Amino acid sequence: LGQVLHTYEELGSTSDRAKELADEGAAHGEVVVAETQTAGRGRRGRTWISPPRRNLYFSVVLRPDLPPARAAELTLVASLAICDALRQAGVDAGIKWPNDVLVGGKKIAGILTELAAEPDRVHWVVVGVGVNVNARVEDFPAELREEATSVAIERHEPAPRALFAAACLTALEGWIDVHAEQGFAPIRNAWRERSVTLGRQVLVRSDGREIAGVAEDIDEQGALLVRTPERVERILAGDVHLLRP
Ligand code: BTN
């Protein structure tokens, strides 16, 4: 990954640029990185705070040999990789389903996966990754200060962004290879080990519904299984709130 690197001082969103490049024929592994984004996007239409030169904002073009129904697995692959890169940097990161990377309950990295597909074939997947590397508390808007953190905040010293970017791409490449060669099973096991969701009491908002229960497991498709008093709910997409530890 990253043999072809498209670097920009400023973009609206690295994922928007990566999608354009993918439509123009960019190859598997091409990476778009920017020092800042003016319209950084999070999941579910949210904004991703992108202060210049402090954090990491990049998007990777993938051309996996997968049916569209399995493309979501790549989201979990990416969260694993970023979690590992953070752990190598000495940050005790874990993953909240599906792909939020947290430290001490605060978000340190987010992943946004988008794809173009026909019914039986994926054209491309763009995995957008934002990691809070050197953001300071004051870089986050007041309402996020209790919910967000960065490598520098956790480690009490600035982190070398370029080295950290290389560690993220190396980890991502490693887990993408495991997934391509061995399928989802090893990803599922590694994800479970790093999960901060499983075993916890959760409140899930999905399709306008609220589901409260215990997060029991993820299934062979990466869906979250939540045990409620009535049944086990299978959740394919949604927002998870962790309730008491
Ligand atoms: C989330 O947790 O909601 C996902 C956040 C993803 C943010 C990254 S930053 C690089 C890439 N470009 C974007 O506009 N979004 C992703």
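Hi everyone, thanks for coming. One definition before we start: two strands count as paired if DSSP finds at least two bridges between them. Please also keep in mind that what you have in front of you is a predicted model.

Let me begin with the overall layout. The protein is divided into two domains: domain 1 covers 5-194, and domain 2 covers 201-242. Taken over C-alpha atoms, their centres are 23 Å apart. To the contact, domain 1 contributes 13 residues and domain 2 contributes 16 residues.

I'd like to take the sheet of five strands now. In what order do its strands lie? Reading across, we have β11-β10-β9-β8-β12, an open sheet with antiparallel pairing. At its edges sit β11 (232-235) and β12 (239-242), each paired on one side only. From one strand to the next, the twist averages 45°.

Let's walk through that sheet pair by pair, beginning with β8 and β9. Strand β8, residues 201-206, runs antiparallel to strand β9, residues 209-218, and six bridges join them. If you want a place to put your cursor, try Leu203, which stands opposite Ala212 in β9. Then move along to Ser206, whose bridge partner in β9 is Arg209. These two strands make a hairpin with two residues between them, and Asp207 in the turn has a positive phi of about 55°.

Next come β9 and β10. Strand β10 is residues 224-227, and β9 pairs with it in the antiparallel sense over four bridges. Here Asp217 stands opposite Leu225 in β10, and Val214 has Arg227 as its bridge partner in that strand. How many residues lie between β9 and β10 in their hairpin? There are five, and Gly222 in the turn has a positive phi of about 90°.

From β10 we step over to β11. Four bridges join this antiparallel pair, and four residues lie between the two strands of the hairpin. Arg227 turns up again here, with Val232 as its bridge partner in β11. So much for that walk; look at Arg227 on your screens, with Val214 as a partner in the β9–β10 pairing and Val232 in β11.

Now for the other sheet. This one is open too, with seven strands in the order β1-β2-β3-β7-β6-β5-β4 and mixed pairing. Its edge strands, each pairing on one side only, are β1 (5-11) and β4 (94-96). The twist averages 20° from one strand to the next. Helix α4, residues 161-182, packs on this sheet and touches β2 (31-37), β3 (56-62) and β7 (121-131), with its direction at about 30° to that of β3. For one of the pairs in the sheet, take β5 (residues 100-103) and β6 (residues 106-118), which run antiparallel and are joined by three bridges. In that pair, Leu102 stands opposite Lys107 in β6.

That brings me to the helices. Two packed helices are described by the angle between their axes and the distance between the axes. With that in mind, let's look at α2 with two partners.

The partner I'll take now is α4. The angle between α2 and α4 is about 140°, and their axes are 8 Å apart. Why do we call the pair oblique? Roughly antiparallel would need an angle over 145 degrees, and the pair is therefore oblique. Their crossing is right-handed. On the α2 side, the residues that meet α4 include Leu74, Val77, Ala81 and Leu86; on the α4 side they include Phe164, Ala171, Trp175 and His179. By type, the contact of α2 with α4 divides into 15 nonpolar, two polar and two charged residues.

The other partner is α5. Helix α2, residues 73-88, packs against helix α5, residues 185-194, at about 50°, with the axes 10 Å apart. These two are therefore oblique to each other as well. The crossing of α2 past α5 is left-handed. From α2, the contact uses Leu76, Val77, Ser79, Leu80, Cys83, Asp84 and Arg87, and from α5 it uses Ile187, Ala190, Trp191 and Arg194. That contact divides into seven nonpolar residues, one polar and three charged.

A last thing to try on your own screens: select Val77 of α2, which is in the list for α4 and in the list for α5. Thanks for listening, and I'm happy to take questions.

Conventions:
Residues are numbered from 1 along each chain as its sequence is written. This is a predicted model: local features need pLDDT of at least 70, side-chain atom pairs count only at pLDDT 80 or more; totals for chains, interfaces and linings use all residues. Side-chain values use heavy atoms; hydrogens and water are left out. Axes are lines fitted to C-alpha atoms, for helices over the stretch in contact, and angles run from 0 to 180 degrees between N-to-C directions. Angles under 35 degrees count as roughly parallel, over 145 as roughly antiparallel, 65 to 115 as roughly perpendicular and the rest as oblique. A crossing is left-handed if the near helix is turned anticlockwise from the far one by less than a right angle, and right-handed if clockwise. Contact means heavy atoms within 4.5 Å. Ala, Val, Leu, Ile, Met, Phe, Trp, Tyr, Cys and Pro count as nonpolar, Asp, Glu, Lys and Arg as charged, and the others, Gly among them, as polar. Domain bounds come from an automatic or database domain assignment.
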